[in-house]
Amino acid sequence: MKSIRSLSIIALLCLVSTACDKDYLNKTPDEDLTLKDVFSQRRYAESFLTNMYSDLPQEINFGNDWGFNPFVNAADELDEPFTNVFGNLMNTGSWTPLNNPLNPTPNIWGAMYQGVRKANIFLENVNNVPMDDSERARWIGEATFLRSFFHFWLLRIYGPIPIFDRSLQTGEDFSLFNRRPIEECAQFILADCDRAASLLDIKLTPDRYGRVTKAAALALKARILLYLASPLYNGNSDYANFLSADGVPFFPSEYSEERWQQAADAALACITESEAAGYALYRAPDNDPVRNYQELFVIRNNPEILFTREVGVFSQLEYASNPTGMGGWSGYCPTQELVDAYEMANGLPISDPEAGYVESGYTMDAHPHGYHPAGIRNMYVNREPRFYASINYSGAQWHGRGIEFWPSGLDGRKGGPDFTTTGYLMKKFLDPNVDLIQGRFSSKAWIFFRLGEQYLNYAEALNEVAGPVSDVYHYINAIRDRAGLPPLPENLSKAQMREKIWHERRIELAFETHRYFDCHRWKIAHVTDNQEIHGMNIAAGASLQDDSFYQRTVVEKRVFVAPRHYLWPIPQVEINKNLNLNQNPGW
């Protein structure tokens, strides 16, 4: 009989003894707690609940496997020079069930199921805690949400997954727990979202910032339903022969427009209840569009945030995003494809002859609001405000001087692994008050859900159901207005509006771990992730106004094999534990 690997309670809470330590004289009283002891006192039970939040993935970390976020690097928005990151294996097509991820302990599969197990243990024991019933209900809501969150984070990567609604004992036959069809998985997760929403407050008091809210549960529900309505999950013929052990298709074979309606309804419910409670799109005090967007990711507990992982001081993001000449690593390098996707200030794409985009030459004028200095390449002039809040480029002012990415510049490649591969660095998420040289950092939070995403979710789903009706325009234009852009043109067709919405998601949600999953659920990743990516010619140029630097140069040819790469392979170490787990198609 094959048994589930036991997760020790000490690993879950660092309170409960595994009875392996024989040096009893060195123990504190807390170290000998049993599971029964933990849930006999409120303070221990609360510590257990708090510990569950530590299993939320550290998506703020793009560069290490333990961050569980290779997705930004594996999308067409970013490149990393570091060779030992899993996203680079994905980009070259050299990942397999055996190296998924590079460090197999823990892998994403195991880590998320560890979170599920903690949630189940908590839910099975919380009624034993002597406490106020209203507070207990809130705790149950938090744990139920976290269980749904961990399950969904697995589903969006692997597709059909085993569902666990209870904790398993060490002697149980793990092989009985197999992957379930997408619809069944989703219904379980959605039911958890509904239960959590019924038990949680819509908004937190400042002392509980970072905890789960009803708004978070509504946001997760809306995102799940948006995914289920999308082409990867809705009538995808690629998986017609992908069946469960009992012969049931893992994916629905027929397209359903009703799924888009359900997604629209869920997103609107999230928006309506959240705004009634005081949530709103963030705007800076002076409503400057660059600051509107930049500060959204720096100002803690701002009114747009629905749920975050509190990270504390996390210097790696600042080091990886800052130029080498300023003490950084030049590691998070936006692609030319993303840079070109930012519109002009007049709201037109750079490919439009009326946009006013100029590729060559240099400007003699600084931006009137200080968005860029004089002397920079014309290709960076008069771009939309989110560009200046998100991208650092040669000549951009940062920490008191212009950035120099050409070889002889202060921030150019000098040998070694730390250099920008594209001639750009990610500016989004950076706190301008951080100083690497002085060792001055700020506390960070990673936003999992925010109101702006829900605007985009609602507009996308509603457009698929009803076309570009007034509400579609309203919510897309609200995002654009906050970013200082004009409204979309009137009388767009459904297909034209779909393109605009896809574009708006690409820019508004850049680097937030959406692009990878959007391209997958739309079934366009075999195009976007299967092409050459480009940057500036970082091997040429001797000054800011040296034309040889500003030549589009191939950085990498990326590999995407459809349909294999639309779903991750289940790690072989997990299949070895349960030989009844079906591997995903193509792996």
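Colleague: How much area does the chain expose, and what share of it do carbon and sulfur atoms supply?

Modeller: Accessible areas come from the Shrake-Rupley method with a 1.4 Å probe, and for residues only the protein chains shown count as cover. Here the chain exposes about 22100 Å², with 52% supplied by carbon and sulfur atoms. This is a predicted model, in which local features need pLDDT of at least 70, side-chain atom pairs count only at pLDDT 80 or more, and totals for chains, interfaces and linings use all residues. Residues are numbered from 1 along each chain as its sequence is written, and side-chain values use heavy atoms, leaving out hydrogens and water.

Colleague: What percentage of the residues is buried?

Modeller: Buried means under 20% relative accessible area, exposed over 50%, and partly exposed in between (1.4 Å probe, protein chains only). Of the 587 residues in the chain, 59% are buried.

Colleague: Is S442 buried or exposed?

Modeller: S442 has a relative accessible area of 18%, so it is buried.

Colleague: Where is S442 placed?

Modeller: Strands are DSSP runs of E, at least two residues, numbered from the N terminus. S442 sits in the loop between β7 (424–426) and β8 (443–450).

Colleague: Which residues does S442 touch, leaving aside those up to four places away in sequence?

Modeller: Contact means heavy atoms within 4.5 Å. On that basis S442 touches G312, V313, F314, D431 and V434.

Colleague: Which side chain makes a polar contact with the side chain of S442?

Modeller: A polar contact is a pair of N or O atoms within 3.5 Å; within protein, one must be able to donate a hydrogen and the other to accept it, and residues adjacent in sequence count only if both atoms are side-chain atoms. The partner is the side chain of D431, at 2.9 Å.

Key:
Helix = DSSP H or I, 4+ residues; strand = E, 2+ residues; numbered from the N terminus.
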